[in-house]
Amino acid sequence: KVLMPRLRLVVMIHATTIAHLPDRFVTGLGCRLASEVWCDSEASRAMTKQVFSRDARPVSFLLDVKPQRPRGEDRTPLDFVYWGRHAHSKDVPRAVRIFNRVLAVHPHARFFIYGQEGPATGDIRAAIAEASVPGAIRLMGAKPPGDFPHPIERCTFFLMTSRWEGMAVSVVEAMQLGLIPVVTPVGEIANYCRAGTNAVIVDDDDAAAREVMSIAADACRRETM
């Protein structure tokens, strides 16, 4: 940009939290130099305005997800799935421990965790080791983007307890697949996931586990959500 002042730049922002000081510096510099700033959601747009004092606009997008959506009766009521990074910000160990509360009451429940190993994998394995039923939680490895292999189509709940997010594309994908999100209300998730209507919102972990079990026991409510 210094060498070619007429070069037009666009900064893309897809989170609502600054990760660290270098992130703040580089993103702030980018926002000052860019012709436009685009965000993946209204939540990240509001953060950009507050933190970097820069007007931005959300960019609408459609996800190329056209899977076969099984009927509610074809799903396994207490099968859970997660796909995403093994990053500390995703807090997958918390999701595992919520599932462990369900597993203690329903030993036939299952949790399939997709994602390439990363910084939080050790903590995830430690949480898995606390499960009352060995083998009930499976690390499935990386999931190719746009591909939703078996047993994803048989699951009922998408369980993700992120500490922060932007749009949270994986949650949108899960909803397009007909899964019920069990999620923390961070980033744009708070705008499109509505407690008791199309999602379970995680605040208290025990309460979230109880609500999941109540939904799993009620076929009509599951199908409606």
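Hi everyone, let's start with one residue: His14 is exposed, with a relative accessible area of 59%. Exposed here means over 50% relative accessible area, buried means under 20%, and partly exposed is in between, with a 1.4 Å probe and protein chains only. A quick word on the source: this is a predicted model, where local features need pLDDT of at least 70 and side-chain atom pairs count only at pLDDT 80 or more, while totals for chains, interfaces and linings use all residues. Residues are numbered from 1 along each chain as its sequence is written, and side-chain values use heavy atoms, with hydrogens and water left out.

Back to His14, which sits in the loop between β1 and α1. For element names, helices (H or I, at least four residues) and strands (E, at least two) are DSSP runs numbered from the N terminus. Not counting residues up to four places away in sequence, His14 touches Asp40 and Gly166; contact means heavy atoms within 4.5 Å. There is also a long-range pair for you: the C-alpha atoms of His14 and Met167 are separated by 6.8 Å, although the two are 153 residues apart along the chain.

So where does His14 turn up again? Together with Arg85, Lys90, Glu165 and Val169, His14 lies nearest the centre of the largest pocket, which 36 residues line. The elements giving two or more residues to that lining are β1 (10-13), α1 (21-33), α2 (42-52) and α5 (169-176). Of these, α1 gives the most, with four residues. The volume is about 810 Å³.

You'll want the grid details. On a 1 Å grid over the protein atoms alone, a pocket is an open set of points with protein on both sides within 12 Å along at least five of seven lines, whereas in a cavity a 1.4 Å probe fits but cannot get out; lining residues have an atom within 4 Å of a point. Points are joined across faces, edges and corners, and the volume is the space filled by probe spheres set on them.

Now the sheets. One open sheet has three strands in the order β1-β2-β3, with parallel pairing; strands pair if DSSP finds at least two bridges between them. Its edge strands, β1 and β3 (57-58), each pair on one side only. Four bridges join β1 to β2, with Val11 opposite Val37 and Ile13 opposite Cys39. Strand β2 (residues 36-39) has a covered face, Val37 and Cys39, and an uncovered one, Glu36 and Trp38.

Helix α2 lies across β1, β2 and β3, at about 140° to β2. Angles run from 0 to 180 degrees between N-to-C directions, using lines fitted to C-alpha atoms, for helices over the stretch in contact. Is Ser44, in this helix, buried or exposed? Ser44 is buried, with a relative accessible area of 0%. Beyond its neighbours within four places in sequence, Ser44 contacts Ile13, Ala15, Thr16 and Cys39.

The other open sheet has six strands, ordered β6-β5-β4-β7-β8-β9, again with parallel pairing. At the edges are β6 (137-141) and β9 (200-201), each pairing on one side only. Helix α5 packs on this sheet, touching β4 (79-83), β7 and β8, and its direction makes about 170° with that of β7. Four bridges join β7 (residues 157-160) to β8 (residues 180-183), and Leu159 stands opposite Val182. Both faces of β8 are covered: Ile180 and Val182 are buried on one side, Pro181 and Val183 on the other.

Thanks for listening!
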